[in-house]
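Biologist: Could you give me a close look at the strand pairing in this one, plus whatever sits against it? Keep the cut-offs explicit, please.

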Amino acid sequence: MFKLHVNGKTREVDVAPDTPLLWVLRESLDLAGTKFGCGIAQCGACTVHLDGEAVRSCAMPISAVGTGKVVTIEGLSEKGDHPVQKAWEEVDVMQCGYCQAGQIMSAAALLKKNPNPSDEEIFTAMNGNICRCGTYVRIREAIKQAAAIS
């Protein structure tokens, strides 16, 4: 039995220690906003925050979470009005949308650490998030817009 802190609530799950955090979020806690992409931490679709850091939940065993605070896309803001989410809508970033939850979580973690990132810093921080639709220009524009309104 594992006790987790997810989106401000304490939750208990009975899973094997090597169960990936992604599966616990999606299957045990019904938080389906975090997506499965590659399953080997290479595409970023499964990005969540663990103690404020962007992590790939598909490759993180639940036993590694410990007492850390997990935030998913559902917990980023109560009404979906986090500055990154607002900028994503205003810039109309999404195309198919599959990778966008992970993109938004990576961008939010970046802006929390660096409220005014350069293009190079955005490229470096977002480098592990792949968008098969190629919305990278709009993603960068939205991050800059979110930085301006944060």
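Modeller: Ground rules: helices (H or I, at least four residues) and strands (E, at least two) are DSSP runs, numbered from the N terminus. Two strands pair if DSSP finds at least two bridges between them. Bear in mind that this is a predicted model, where local features need pLDDT of at least 70, side-chain atom pairs count only at pLDDT 80 or more, and totals for chains, interfaces and linings use all residues. Numbering runs from 1 along each chain as its sequence is written, and side-chain values use heavy atoms, with hydrogens and water left out.

Now the sheet. It's an open one with five strands in the order S2-S1-S5-S3-S4, and the pairing is mixed. S2 (9–13) and S4 (53–56) sit at the edges with a single partner strand each, so one side of each has no neighbour in the sheet. From one strand to the next, the twist averages 40° (axes are lines fitted to C-alpha atoms, for helices over the stretch in contact, and angles run from 0 to 180 degrees between N-to-C directions).

Start at the S2 edge. S1 and S2 are antiparallel, with five bridges between them; Leu4, for one, has Arg11 in S2 as its bridge partner. Two residues separate the strands in this hairpin, and Asn7 there takes a positive phi near 50°. On to S5 (residues 69–71): S1 (residues 2–6) runs parallel to S5, joined by two bridges, and Val6 has Val70 as its bridge partner in S5.

What lies against the sheet? Helix H3 (residues 100–113) crosses S3 (47–50), S4 and S5, at about 35° to S3. Within H3 you'll find Gln103, which counts as buried because its relative accessibility is 1% (buried means under 20% relative accessible area, exposed over 50%, partly exposed in between, with a 1.4 Å probe and protein chains only). Setting aside neighbours within four places in sequence, Gln103 is in contact with Trp88, Met126, Asn129, Ile130, Cys131 and Ile139, contact being heavy atoms within 4.5 Å.

H3 also has a charged link to the S4 edge. Glu53 and Lys113 form a salt bridge at 2.7 Å, N to O (a side-chain nitrogen of Lys or Arg within 4 Å of a carboxyl oxygen of Asp or Glu). Glu53 is in S4 and Lys113 in H3, so the partners are 60 residues apart. Lys113 is exposed at 58% relative accessibility, whereas Glu53, at 38%, is partly exposed.
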